[in-house]
Every structure is written in structure tokens, then in C-alpha cells.
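The report below follows a single chain from its charged side chains to its overall dimensions. Please keep the sequence and the model in view while reading.

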Amino acid sequence: MNKKTKTILTAGACVLAVAFIIIANNFFDNFTLRVFNLCAIYIILALSLNLLNGFTGIFSLGHAGFMAIGAYISALLTMSPAQKAVNFYLEPIVPWLANIQIPFLPALLFAGCGAALFAFIIGLPVLRLHDDYLAIASLGFAEIIRVIITNTQNITNGALGLKGLPKYSSTYAVWGCAVLAIIFMVALINSAFGRSLKAVRDNEIAAQAMGIDIAHIKTVSFVISGFMAGIGGALLGHLMQTIDPKMFVFSLTYNILLIVVLGGNGSITGSIIASVVVTVCMELLRFLDGPLNLIFIKTDGLPGLRMVVFSLLLMIVVIYRQRGLMGTNEFSWDYLSKIGLVPRIKNGKEKM
């Protein structure tokens, strides 16, 4: 397939995608639209974790902590003084935060930068560890952040959380951020830095022998991942319009990890597909948490049963297809043409 044909197909796919987003925003009901927007947020979060686990070879479990930092920074910067006064009724908010209110876009950037700063601070000692030790250390960091948020009543409102956040996470905002995240990841992975990431992932000793600064590569990757996680956390908070420390427990990181493993470690396409599939299935299977009246089984309600289903699915994938849905493969028109989903065009003639 020649370059001109690929350009035409890509332009057509982009037009269809934009048209579908516009249709969804105007015709989907509120619940369906929220699930649709959640798909975009999970795409950002899955790409951020895949950057570490899939492309750099860093097994991190601390993403919930970065998301919490981003969510709280954006919430505190965009809420009006009146909203803060309503939320902080047990203990007044600190004076230097009480009257601050800035637009959503700079608040979103501050949220990402705040999470990136913490990623840099944490990454300096943590990235000296390897494998399971690194995962445990990063998980401990996320738990520390959650405990700090719970106990800083005059800054985060503690366990009560923040309610009444401005709903800035519109369909166009979340999907615009998702598209930018995809474009950024594609450009990053296909750059010289991206090739260095893969070299470190495949063999650190060989990468170091080739002159690659492993500590620098890992730190930059960790910071970029933290930035993207902070953006995702901020968007999630403004979509839900309420945040509290219980939102950012390990199960949230587990959901993102599930998406990355199912889609394929080291595949941008896999993360995108798995984000949509898992997010939609989590809502479709919600009935499992309630009372069931099947032919042979009757229950009064088993909260968390749908997560058991996803856990079993994860076990099956790990046992029988460790590479996930896409492995390390990416979407391409040549591949779709090869399997017959797109007509093959050669010398101006269409072939099937």
C-alpha cells in the first residue's frame, strides 16, 4: 500500500472518529456519555502506565498516588472560594488556598506538573530498585500519598473529600486530551529516546554498553508517566465532580494494570482497545454485584463479583497469552490490508 493511500485512509478514519465523538456528545444519554468519556480517561492512564511497564520495563504500582495528586491540585485551583467554604466546614482551608481560582487549562497543566514533580522526587531513590522491590516501593508511595491526603484536613478536607467540582471534563476536553496523549506516545516511542527505552527494557547491560544513561532514561520515563497520570486524575475528578482519598486505592491502579496487560505490554494500540473494552465491560457486568436469580444459582447480592470475573480473565491471559491482545504490535493499514479488512491497492488498481 503506497503512502498516498495510507494518507487518504488515515484522513478518512480521523473524520469518522471526530464525527462519532460529535454524535456521542449530542445524542448519547448521560450515563452512556459518562462511560464513553471514562474510556478516554482510561486511555490516558493506560498509556502512562504502559510507558513504564511496557516500554521501559519498570514494574510500577504507584499510579493511584500520581492520580490523587493531579486530582487534588486541579480541584483546589479551579473551585471557587464559595465552594471551598462549603466543603471546609470542619476546619477552614489554609488562607493561601482560600481565594485562588484559575481557569481549567492552566490548572490541568499544574496538576500534571505537580504529579511529575513528585514522580521525580520519588523516582530518584525508588528507581535504584528492580523488579518486585520497585513495585512494592511504588505501591508504598501511593499509600503514603493517600494517608497524607486523609490527614491534611485544612488542605485536602481529609476523608470528607471535595464535592461540587466544576464539570470541566466535557466530551471534547477528555477526548482531546486522549488524542494528544496518543499522538505524543507515538512520537515518543518512534523517536531516538523511544528506542533507548526499548533497549533498556530488553537488556540493561547491553544498553549501558552502548552508552545509554539508564538512570536518566528511567527517571525521564517515570516523570513523563507521572505527568500523564496527574492529567488523567484531574480529568477523572472533574468528570465525577467529587474526589476523596478512597477513590485512589490500589484497586484503581489494578484496573489500569488490567487494561495494560490485556491490551499488551508495549503496544499503544492494545492499550487503546483494552481501555474501551474493559471500561464498557465494567459497566455491562455491574449487574453481577446485585441480586442474581439464575436457573441454578440465586444470590442476594455479591458486591465485587464483577471484579472476580476480570481477575479470572487476567489469570487466563497471563497463563495462555502473556503478550496480551496485541503483544508489542501496533495498528497499521498494511496489516489490515494483509488480513483482508482493507482492500489492497497496487498500481492504482484495487485488489482483494
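Is Asp-202 buried or exposed? Asp-202 is exposed, because its relative accessible area is 58%, and exposed is the word used here for values over 50%. The model is a predicted one, and every value in this report was computed from it.

## Salt bridges

Side chains of opposite charge can pair when their charged atoms come close. The structure holds three salt bridges, and they are set out in the table with the distance from N to O.

| Positive residue | Negative residue | N to O distance |
|---|---|---|
| Arg-146 | Glu-143 | 2.6 Å |
| Arg-201 | Asp-202 | 3.1 Å |
| Lys-218 | Glu-204 | 2.7 Å |

Asp-202 meets Arg-201 in a salt bridge of 3.1 Å; while Asp-202 is exposed at 58%, Arg-201 is partly exposed, with a relative accessible area of 27%.

The pair of Glu-204 and Lys-218, with the closest N and O atoms 2.7 Å apart, links two helices. Glu-204 lies in helix H11, which covers residues 204-209, and Lys-218 lies in helix H12, so this salt bridge ties together parts that are 14 residues apart in sequence. Glu-204 is partly exposed, with a relative accessible area of 26%, whereas Lys-218 counts as buried because its relative accessibility is 6%, and the word buried applies to values under 20%.

The salt bridge between Arg-146 and Glu-143, at 2.6 Å from N to O, is set within one helix. Both residues belong to helix H7 (residues 131-151), and because they are three residues apart there, about one helical turn separates them. Arg-146 is partly exposed at 21% relative accessible area, and Glu-143 is also partly exposed, at 36%.

Taken over the whole protein, there are 24 positive and 15 negative side chains, and the centres of these two sets lie 11 Å apart.

## Buried residues in helices H2 and H12

Helix H12, which holds Lys-218, also contains Ser-225. With a relative accessible area of 0%, Ser-225 is buried. When residues up to four places away in sequence are not counted, Ser-225 touches Ser-48, Leu-49, Leu-51, Leu-52 and His-63.

Asn-53 has its place in helix H2, which covers residues 30-53. Asn-53 is buried as well, with a relative accessible area of 13%. Leaving out residues up to four places away in sequence, the contacts of Asn-53 are with Ile-58, Phe-59, Ser-60, Leu-257 and Asn-265.

## Loop residues

Which residues other than glycine have a positive phi? Among them are Asn-157, with phi near 70°, and Gln-241, with phi of about 65°. Asn-157 is found in the loop between helix H8 (153-156) and strand E1 (162-163), and Gln-241 in the loop between helix H12 (214-240) and strand E2 (242-243). Asn-157 counts as buried, at 1% relative accessibility, whereas Gln-241 is partly exposed, with a relative accessible area of 29%.

A further loop residue, Ser-332, lies between helix H15 (305-320) and helix H16 (333-338), and Ser-332 is partly exposed, with a relative accessible area of 28%. Although Ser-332 and Lys-6 are 326 residues apart in sequence, the C-alpha atoms of the two are 9.1 Å apart in space.

## The chain as a whole

The protein has 16 helices and six strands. For 352 residues, a compact globule would have a radius of gyration near 20 Å, and the 22 Å found for the protein agrees with that expectation. Along its principal axes, the C-alpha trace spans about 70 × 60 × 45 Å.

What percentage of the contacts with a separation of 6 or more comes from residues 24 or more positions apart? Such residues account for 77% of those contacts in the protein.

Of the 352 residues, 46% count as buried, among them Ser-225, Asn-53, Asn-157 and Lys-218. The accessible surface comes to about 18100 Å², and 69% of that surface belongs to carbon and sulfur atoms.

Note on methods. Residues are numbered from 1 along each chain as its sequence is written. This is a predicted model: local features need pLDDT of at least 70, side-chain atom pairs count only at pLDDT 80 or more; totals for chains, interfaces and linings use all residues. Side-chain values use heavy atoms; hydrogens and water are left out. Helices (H or I, at least four residues) and strands (E, at least two) are DSSP runs, numbered from the N terminus. The radius of gyration is taken over C-alpha atoms; the globule rule is 2.2 Å times the number of residues to the power 0.38. Buried means under 20% relative accessible area, exposed over 50%, partly exposed in between (1.4 Å probe, protein chains only). Contact means heavy atoms within 4.5 Å. Accessible areas come from the Shrake-Rupley method with a 1.4 Å probe; for residues, only the protein chains shown count as cover. Lys and Arg count as positive and Asp and Glu as negative; His and the chain ends are not counted. The place of a charge is taken as NZ of Lys, CZ of Arg, CG of Asp or CD of Glu. A salt bridge is a side-chain nitrogen of Lys or Arg within 4 Å of a carboxyl oxygen of Asp or Glu.
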